[in-house]
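Student: I am new to this structure and would like a close look at a single part of it. Could you take one residue in a loop, tell me where it sits and what its side chain meets, and then place it in the wider chain?

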Amino acid sequence: MQSWRRKSLWLALLASWLLGLLGIFPLLRLAVPTGPRAGAPQGWPRWLDAELLQSFFQPGELPEDAAQLPRGPRGGSCDWGACFDTSKCRSGGFKVFVYPAAGPTSETQHKILASIEGSRYHTVSPTEACLHLLSLDAPAGECSLVPPKWNGGKNHLVLRLHPASCSWTFPLGQAMVAEASPTVDTFRPGFDVALPLLPEAHPVRGGAPGQLRQHSPHPRVALLALAEERGGWRVAGPDSPACPWDGHCEQDHGPEQTHPGAALPNATFCLIPGRRPDALRFLQALQAGCIPVLLSPRWELPFAEVIDWTKAAIVADERLPLQVLAALREMPPTRVLALRQQTQFLWDTYFSSVEKVIRTTLEIIQDRILGASAHPSLMWNSPPGVLLALPTFSTSPSDFPFYYLQQGSRPAGRFSALIWVGATGQPPLKLIQAVAGSQHCAQILVLWSSDKPPPPSWPETAVPLIVIEGHRKASDRFFPYSAISTDAILSLDAHSSLSTSEVDFAFVVWQSFPERMVGFLTRSHFWDEAHGGWCYTAERVNNFSVVLTSAAFYHRYYHTLFTHSLPEALRSLADAAPACADVLMNFLVAAATKLPPIKVPYGKWHGEAGPPQAPQPTAPDCINQMAAGFGHMPLVSSRLRLDPVLFKDPVSVLRKKYRSLEKP
């Protein structure tokens, strides 16, 4: 009896256990999420800021993640190695020939031609060209036909700045395509070039500067702005954080933009939908210093081949609104500051004018040709950018004056003195002795640009002295002579008067600021409301923006930039009016650095030593012509003068290193 009861009890317990297991198992399947399958590729979302925005979805959970057949790119299997002949670019350099328009030309085509014709790339001979450029930005219905030297599109670039312009009606073959905001499925990475979508009224050169005035977010500035389909922006107030998705946003009129009919957003982050027409809002956000947040973009980011957009923009997915909002709200202020600063750098360097867009496109192609010698990412994504870092000088950041800080180095402790002898032809014997006495002087070069022959003998000096025959032009003094063996150049005129202590102290100052000009004699510029133009004055005022190259230190790279980057018209202007040469070199350095020159002490006993100045009416004329050539006024004013320690302090002169600077 007891054994039967035991068996019945065990059977009942076993049945209860089986029933419970069968009933609970489906619930367990719902409560425990299945992990990703081994070997399955990690899918959506693909964030640029992956550390900020993480995915809570697995591949295939959303309908948009379903596998789709890829669309075939234009040109079949064309890539850089198969469809571009680099041998044509090695003999004659990187030269570009632009096909003339067969019919009426549009304003955009005029801008493209003006941008290339004034550059160092342009050639009028199609036979010596490395790249042939065909612009399709013609009026509607006036598309270009197949060029006579098409050659199947090999070594050709088809350029289309505006999607609304005409499309090609002939097979592209092996031609590259530089198109505004190309779609992801038709773009060929490493072969085509993605351009920004520009407004019709985009300036040819110069362009409006970035509009960011305060890098740190202001408490009263909206956090978010959303681009509208019909233009303009909507901002999210503090009480409606999700308004970009629910539509309850306030209208933001913002500051006026340089292009009529458009306004810049006034917010910290700009939400830009992924539709291709919204690509125009991307440039507006960059100019305003509003960090672009691209919501599932269906177009290629401009120049993404070389620009690191993770430093200036955020790519998010429009299907995760709450996650995006939370990540933006929690972003550290240091990260916000870095992103906003990079937006201003990229706008000013690559996007503010048609000329910069075209030159950036050509620089990308030239870097492909150079291969291993191409510009590194640091030079593309750090000021002043690749457009002002010529590969004819070097492609290593350590050779340029702008990257010493990033490289953790400083220039060598020697300089070359370049003394320009003009029409008077008087040998600067006293000046040579004073400069040769400097402990930092490595060599002295005398640039003889006088009609008189140079003297047969020169004074004995402790450093090598080299005489160079000039071409009787003021721009000769800024030519990159191979005889210059140091990074630092002390530019002097035969009439200059300096002491050895002044030279030594000025060079020590330059070593701390190798990207800037360090000089003794200064000038200033100002805007004259009465005449509606820029003026240039030699009066002693508290601020200055120009140092005379009759006595100034600067990096030798600026000779290369002066000779190979400036348009021929500006260099001819300096030759026609030698007084304008000082202004032009200061324009060039200020445009590259966006910084003012530095003034150091200059003894009053010297007076205004230097060559006779040109008549004053000439300086305002050339400064306005140069401002027009640059497209803006690059000069920056300053009130800073650097003096030695204990300079003019009432202490013993024995305690002062540069005691002769205080000569009565």
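**A loop residue and its surroundings**

Tutor: Arg 472 lies in the loop between β14, which covers residues 465-469, and β15, which covers residues 488-493. The model we are looking at is predicted, and every value below should be read with that in mind. The backbone of Arg 472 has a phi near 60 degrees, which is a positive value in a residue other than glycine. Is Arg 472 buried or exposed, or something in between? With a relative accessibility of 42%, Arg 472 counts as partly exposed, because that class lies between the 20% limit for buried residues and the 50% limit for exposed ones.

The side chain of Arg 472 forms a salt bridge with the side chain of Glu 469, with 3.7 Å from N to O. Glu 469 is partly exposed too, at 45% relative accessibility. Another salt bridge joins the side chains of Arg 641 and Asp 643, at 2.9 Å from N to O. Of that pair, Arg 641 is partly exposed with a relative accessible area of 39%, and Asp 643 is partly exposed at 32%. Returning to our residue, salt bridges with shared partners link Arg 472, Glu 469 and Asp 451 into one network.

A contrasting setting is found at Arg 188, which forms a salt bridge with Asp 192, where the closest N and O atoms are 2.8 Å apart. Here Arg 188 is buried at 5% relative accessibility, and Asp 192 is buried as well, with a relative accessible area of 1%. The structure holds 13 salt bridges, and those described here are among them.

The positive phi of Arg 472 can be set beside that of Phe 303, a residue other than glycine whose phi is near 55 degrees. Phe 303 is also in a loop, the one between β10 (291-295) and β11 (314-316), but at 1% relative accessibility Phe 303 counts as buried, whereas Arg 472 is partly exposed. A further backbone feature belongs to the loop between α10 (377-380) and α11 (404-407), where Pro 384 is placed; the peptide bond from Pro 383 to Pro 384 is cis, with omega near 5 degrees.

Further along the chain there is an open sheet of three strands, in the order β18-β17-β19 and with antiparallel pairing. Strands β18 (533-537) and β19 (546-547) stand at the edges with a single partner strand each, so one side of each has no neighbour in the sheet. Strand β17, residues 522-528, runs antiparallel to β18 and is joined to β18 by five bridges; Asp 528 has Gly 533 in β18 as its bridge partner.

Among the helices, α6 (residues 279-288) and α8 (residues 333-351) have axes that come within 7 Å and cross at roughly 115 degrees, in a left-handed crossing. Leu 283, Leu 286, Gln 287 and Ala 288 of α6 meet Thr 343, Gln 344, Trp 347 and Phe 351 of α8.

To place our loop in the whole, the chain has 17 helices and 21 strands, and buried residues make up 52% of its 664 residues. Of the contacts with a separation of 6 or more, 69% involve residues 24 or more positions apart. The chain exposes about 31500 Å², of which carbon and sulfur atoms supply 57%.

Conventions:
Residues numbered from 1 in each chain as written. Predicted model: local features only at pLDDT ≥ 70, side-chain atom pairs only at ≥ 80, totals over all residues. Heavy atoms only, no water. Salt bridge = Lys/Arg side-chain N within 4 Å of Asp/Glu carboxyl O. Buried < 20%, exposed > 50% of the residue type's maximum accessible area, 1.4 Å probe, protein only. Pairing = 2+ DSSP bridges. Helix = DSSP H or I, 4+ residues; strand = E, 2+ residues; numbered from the N terminus. Contact = heavy atoms within 4.5 Å. Areas by Shrake-Rupley, 256 points an atom, 1.4 Å probe, with all protein chains shown as cover. Axes fitted to C-alpha atoms, helices over the stretch in contact; angles between N-to-C directions. Left-handed = near helix turned anticlockwise from the far one by under 90°.
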